[in-house]
Amino acid sequence: MLQGLLLDLDAATLTVWVNGERKGVMARPGMTDDHGQPVARLEGPLRWAVDLSSESSVAIAGPLPLPA
């Protein structure tokens with residue numbers, strides 16, 4: 001399974017892709033958390049982090065072309 005994240009700092013959005021299929025926007029301006037509090041606007045600089053189970057692996061390739 002190939003998972004991707006598309007970060008658009010101009011629009012302050014983070015979009016999720018799985019196997020080339022757009023799954024949706026994970027973060028965008030105006031979103032609220034579980035407690036109804038506003039989510040902070042995405043602004044750089046940012047750092048990526050990955051949490052893997054013991055049976056997982058990760059490969060980082062990039063930059064890749066933008067999805068259609």
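**View 1. Ile60 sits in the segment after β3.** Keep in mind as you look around that this is a predicted model. Ile60 is exposed, because its relative accessible area of 84% is over the 50% cut-off. It also has company: Val50, Leu52, Val58 and Ile60 make up a nonpolar patch on the surface. Taken together, these four residues have about 440 Å² of accessible area.

**View 2. Stepping back, here's the protein chain as a β-β-β pattern.** What is the make-up of the chain in helices and strands? There are three strands and zero helices. The chain has 68 residues, and buried ones account for 15% of them. As for confidence, the average pLDDT of the chain is 84, with 90% of the residues scoring at least 70. Among the strands, β3 (residues 21–27) has the highest confidence, with a mean of 92, while β1 (residues 3–8) has the lowest, with a mean of 86.

**View 3. Lys23 and Glu21 join up in a salt bridge.** The two side chains meet at 3.5 Å, N to O, which means the pair falls within the 4 Å cut-off. The count for the model is one salt bridge, so this is the one to look for. Are the two partners buried or exposed? Lys23 is exposed, at 52% relative accessible area. Glu21 has 47% relative accessibility and is partly exposed, because exposed needs over 50%.

**View 4. Ala12 is a buried residue with a positive phi.** You'll find Ala12 in the loop between β1 and β2, where β2 covers residues 13–18. Its phi is near 60 degrees, and Ala12 is not a glycine. That's worth a look because most residues other than glycine have a negative phi. Ala12 has a relative accessible area of 2%, so it comes in under the 20% cut-off for buried.

**View 5. Ala12 turns up again, this time in the lining of a cavity.** How many cavities of 30 Å³ or more does a search of the whole structure find? The search gives one, and the volume of the largest cavity is about 30 Å³. Its lining is made up of Ala12, Ala27, Arg28, Pro29, Val39, Ala40, Arg41 and Leu42. Ala27 is one of these lining residues, and strand β3 spans residues 21–27.

**View 6. Asn19 also has a positive phi, but this residue is exposed.** Its phi is about 50 degrees, although Asn19 is not a glycine. Where is Asn19 found? Look in the loop between β2 and β3. The relative accessibility of Asn19 is 53%, so it counts as exposed, being over the 50% cut-off. Put this view beside View 4: Asn19 is exposed, whereas Ala12 is buried.

**View 7. Gly44 and Pro45 are joined by a cis peptide bond.** Omega for this bond is about -5 degrees. Why pick out a cis bond for a close-up? Because most peptide bonds are trans. Pro45 lies in the segment after β3, and that segment is also where Ile60 from the opening view has its place.

Methods:
Residues numbered from 1 in each chain as written. Predicted model: local features only at pLDDT ≥ 70, side-chain atom pairs only at ≥ 80, totals over all residues. Heavy atoms only, no water. pLDDT = per-residue confidence, 0-100. Helix = DSSP H or I, 4+ residues; strand = E, 2+ residues; numbered from the N terminus. Buried < 20%, exposed > 50% of the residue type's maximum accessible area, 1.4 Å probe, protein only. Patch = residues over 30% accessible without salt bridge, like charges linked within 9 Å, V, L, I, M, F, W, Y side chains within 5 Å. Areas by Shrake-Rupley, 256 points an atom, 1.4 Å probe, with all protein chains shown as cover. 1 Å grid on protein atoms, 1.4 Å probe; cavity = no way out; pocket = protein on both sides within 12 Å on 5 of 7 lines; lining within 4 Å. Points joined across faces, edges and corners; volume = space filled by probe spheres on them.
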